[in-house]
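Here is a short tour of one structure, meant to be read with the model open beside you. We will go from strands to charged pairs, then to the core, and finish with a word on confidence.

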Amino acid sequence: MSIEFVNWPDTYHIGIDGCFYPSKRLHGVKNLVFGLHLITWTPSNGVGLVSGAFFYISKPCAYTLRYDTWSENALLEEVDCVYDDKFYNYTSAEKWNDLVKFIQKKDLQRIFQTEGPIFLVDTSTYANTDLKPNELQLFQPSEKETVLQFTNFDVKKSWSPTSVGSERSLQAIDKSFMYRRLVQSAWHGELDSALAEYSFAYLAYAFVSHYAALSHWKKLLEVLLQSYTLAELEPDYYSTFLGLFCVQIETLHERDIETSTLSEKNFMQSLLENLLERKSDGNFPIQVNNALNQLVNTVSDVLHIQEFREDTILDDHNAAIDYDQEVHEIGQFVVDDFDNDSN
């Protein structure tokens, strides 16, 4: 499989699966493997828009990626053949396969609400904003623009309205119940599809600078890092999630992307300290403990968070306030009143 790059200005950089090339030297790329790929394009001065296309290859084929000067966008089209004598041999970033291994074409079709194999993220439009229902009409996307259809949920409203007493208290603190209900409702019981959306949200943020994707990635992180029972009962799955998050953090560091949002208001530190407290109680299987140790070391190095202490004692007063605000919040409860309408 090959891609020819047509009509690209010399000032652009083109990314292919985490590797980046100056457009003036890039005639095309050949010998792409089957599976998920991501092409991005941005002005080489680093201050312009970043757009991209996810596409899934399941058969031998050839494409052209043609740049449009007026829209600063590109069109990926399948063609009969390309002459690839001067093309680069395909290569991907070292950890690319780990970042995308859960994402299938069906996941992209659900998120983009369109058939594939090509899925365009056009950040030259308002599709890159975190849209709200009450936004002015001026800022709404046109019919031609894409808004990613992420699964809609509220992290705080995480217990069942039919639960009472200690059961509700447990569900408010341990998000395993919420995560399992989300898996059943949104991803039809397929745990890997949940990790696929989590992986895609990261890629859309890290490689295409998609604002709403960053917010969604953090929400999924907040749920998963507080799913303590899930870690105890599904250790292989949970350690896989921790390993995936570790690779994401390492990739962010290598790409020199702003990571302050993850350490903002001690967001990451408090979540990991709570996990470590459970680990010190001896509740987690060994594979979860090993994956958690690796993650903690990586996060500490990348985000420059102070050393984590397994004997950390949370401030009782602040913890009580947070718990009271969460448990007594008025509103519908996503776990029992879930619908598939997305952001």
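In this predicted model, five strands form an open sheet with mixed pairing, in the order β8-β7-β1-β4-β9. The edges are taken by β8 (73-79) and β9 (88-89); each has a single partner strand, so one side of each is left without a neighbour in the sheet. At the β9 edge, strand β4 (residues 28-30) pairs with β9 in the parallel sense over two bridges. If you would like a place to look, Lys30 has Asn89 in β9 as its bridge partner. As general background, strands of a sheet pair through backbone hydrogen bonds, either parallel or antiparallel.

Now to the charged side chains. How many salt bridges does a search of the whole structure find? The search finds five, including the three set out here.

| Salt bridge | Closest N to O |
|---|---|
| Glu78 and Lys59 | 4.0 Å |
| Glu250 and Lys95 | 2.8 Å |
| Glu197 and Arg110 | 2.7 Å |

Let us take them in turn. Glu78 and Lys59 form a salt bridge. This pair links distant parts of the chain, 19 residues apart: Glu78 belongs to strand β8, while Lys59 sits in the loop between β6 (51-57) and β7 (62-68). Glu78 is partly exposed at 46% relative accessible area, and Lys59 is also partly exposed, at 47%.

Next comes the salt bridge of Glu250 with Lys95. Glu250 is in helix α8 (residues 235-254) and Lys95 in the loop between β9 and α1 (96-100), so the pair ties together parts that are 155 residues apart in sequence. Is each partner buried or exposed? Lys95 is buried, with a relative accessible area of 18%. Glu250 has 21% and counts as partly exposed; the cut-off for buried is under 20%.

The side chains of Glu197 and Arg110 also meet in a salt bridge. Here the link runs between two helices, with Glu197 in α5 (residues 191-208) and Arg110 in α2 (residues 105-112), 87 residues apart. Glu197 is buried, at 0% relative accessible area, whereas Arg110 is partly exposed at 22%. Asp107 belongs to the picture too: salt bridges that share partners join Asp107, Arg110 and Glu197 into one network.

What about the nonpolar interior? The largest nonpolar core has 97 residues, and those with the most contacts inside it are Ile3, Phe54, Phe200, Trp217, Leu225, Phe241 and Phe245. Helix α5 gives the largest share of this core, 13 residues. Both domain 1 (2-93) and domain 2 (144-303) contribute residues, so the core lies between them. Phe54 makes a good point from which to explore: leaving aside residues up to four places away in sequence, Phe54 touches Leu36, His37, Leu38, Leu108, Phe112, Pro117, Ile118, Phe119, Val121, Phe200 and Leu203. More generally, nonpolar side chains in soluble globular proteins tend to be buried together.

Finally, a word on confidence. The mean pLDDT of the chain is 80, and 76% of its residues reach 70 or more. Over residues 309-343, however, the pLDDT is below 50; this stretch has 59 contacts in the model beyond near neighbours in sequence. Where pLDDT is low, the predicted coordinates should not be read in detail.

Methods: Residues are numbered from 1 along each chain as its sequence is written. Side-chain values use heavy atoms; hydrogens and water are left out. Two strands pair if DSSP finds at least two bridges between them. Helices (H or I, at least four residues) and strands (E, at least two) are DSSP runs, numbered from the N terminus. Buried means under 20% relative accessible area, exposed over 50%, partly exposed in between (1.4 Å probe, protein chains only). pLDDT is the predictor's confidence in each residue, from 0 to 100. Contact means heavy atoms within 4.5 Å. A nonpolar core is a set of buried Ala, Val, Leu, Ile, Met, Phe, Trp, Tyr and Cys residues joined through side-chain atoms within 4.5 Å. Domain bounds come from an automatic or database domain assignment.
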